[in-house]
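Visitor: Pick one stretch of the chain shown here and take a close look at it with me. Then work outward from there, as far as the contacts and pairings lead.

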Amino acid sequence: DNVVAESAHLIFWYSFQHHRITEEFLLDMGWNVNPFPLIWVKSDNVGLLPDPQRGPRRIYESAFFASRGDRKIVSPVANAIFAPTTKKIHMSEKPVPVLRHFFRMTVDEYSTVLDPTAGSANAIRAALNMGAASALGLERDPEFFNRAKEHFHDVD
């Protein structure tokens, strides 16, 4: 309540193995969690292969889409996108085109965007390029912070 407006959206990337506990955590915090996650399918087939003899390669990432208050979306989009990976700055980097796709639902000239685990700062770059009123990224690792700062004005 001290960080997020009464009426807001949340896009929260998580490991699907923690789906249930993450959803319960968000619900307990008062978020209205959409039952259908946002999905990024890595079109270059890059992903984790935890046990090649017992299971498939994980080539998608999921995010909860949630809201609080009666915040309306800016524009509807598909809840999945196919796009290649990028790892220019951070190992868990979300590509700017993926973020732009999902941000079309939430970002406009009135938006204030917070990324508390900024990593590559791609979410901040995408939000500002889409016209957000303001955007703030927090990154605790100095190496990632400096690499993100170095590439902040790259064109995607």
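Guide: Let's start at Ala121, which sits in the loop between S6 and H3. Keep in mind throughout that this is a predicted model. The backbone does something worth a look here: phi of Ala121 is near 70°, a positive value in a residue that isn't glycine. Ala121 also counts as buried, because its relative accessibility is 10%, and the cut-off for buried is under 20%.

Step back to Ser120, and you're still between strand S6 (112-115) and helix H3 (122-129). Ser120 is buried as well, given a relative accessible area of 5%. So what does Ser120 touch, once its neighbours within four places in sequence are left aside? Ile89, His90, Glu93 and Ala148 are the residues in contact with Ser120.

Ala148 is the one to follow, since it takes us into H4. Phe144, Ala148 and His151 are the buried residues to look at in H4. Look down the axis of H4 and its buried residues fall within an arc of 70°, so they line one face of the helix. That fits the usual geometry: with 3.6 residues a turn in an α-helix, residues three or four places apart point the same way. The buried residues of H4 pack against H3, so we're back beside the helix that follows our starting loop. Turn H4 around and you find Pro142, Glu143, Lys149 and Glu150 exposed on the other side.

Glu143 deserves a second glance. At the start of H4, a side-chain oxygen of Asp141 comes to within 2.8 Å of the backbone nitrogen of Glu143. The side chain of Glu143, meanwhile, meets that of Arg147 in a salt bridge, at 3.5 Å from N to O. Why can these two find each other along the helix? Arg147 and Glu143 are 4 residues apart in H4 (residues 142-151), which puts about one helical turn between them. Glu143 is exposed, with a relative accessible area of 51%, while Arg147 is partly exposed at 28%.

There are other charged pairs too. Salt bridges that share partners tie Lys42, Glu61 and Lys94 into one network. In general, side chains of opposite charge can pair when their charged atoms come close. The structure holds 6 salt bridges, among them Asp51 with Arg54, whose closest N and O atoms are 3.0 Å apart. In that pair Arg54 is exposed at 67% relative accessible area, and Asp51 is partly exposed at 26%. Another one links Asp70 to Lys72, with 2.5 Å between the closest N and O atoms. Asp70 is exposed at 59%, and so is Lys72 at 55%.

Now on to the strands, with S4 (residues 60-68) as the place to stand. How many of the 9 residues of S4 are buried? The count is 8, so S4 is mostly covered. S4 also has several pairing partners: S1 (residues 8-14) runs antiparallel to S4 over 7 bridges, with Ile11 standing opposite Phe65. S2 (residues 32-33) is antiparallel to S4 too, joined by 2 bridges, and there Val33 has Ala66 as its bridge partner. S3 makes 4 antiparallel bridges with S4, and Val41 faces Tyr60 across that pairing.

Val41 is handy for the next hop, as it also stands opposite Phe82 in S5. S3 (residues 38-42) and S5 run parallel, with 4 bridges between them. Along S5 (residues 80-83) the side chains alternate. Ile81 and Ala83 point to one face and are buried, whereas Ala80 and Phe82 point to the other and are not.

One last stop echoes where we began. Asn45 lies in the loop between S3 and S4, and its phi is near 65°, again a positive value in a non-glycine residue. Is Asn45 buried, exposed or in between? Asn45 counts as partly exposed at 46% relative accessibility, while Ala121, with its own positive phi, is buried at 10%.

Key. Residues are numbered from 1 along each chain as its sequence is written. This is a predicted model: local features need pLDDT of at least 70, side-chain atom pairs count only at pLDDT 80 or more; totals for chains, interfaces and linings use all residues. Side-chain values use heavy atoms; hydrogens and water are left out. Buried means under 20% relative accessible area, exposed over 50%, partly exposed in between (1.4 Å probe, protein chains only). Two strands pair if DSSP finds at least two bridges between them. Contact means heavy atoms within 4.5 Å. A salt bridge is a side-chain nitrogen of Lys or Arg within 4 Å of a carboxyl oxygen of Asp or Glu. The arc is that of the directions from the helix axis to the C-beta atoms. A polar contact is a pair of N or O atoms within 3.5 Å; within protein, one must be able to donate a hydrogen and the other to accept it, and residues adjacent in sequence count only if both atoms are side-chain atoms.
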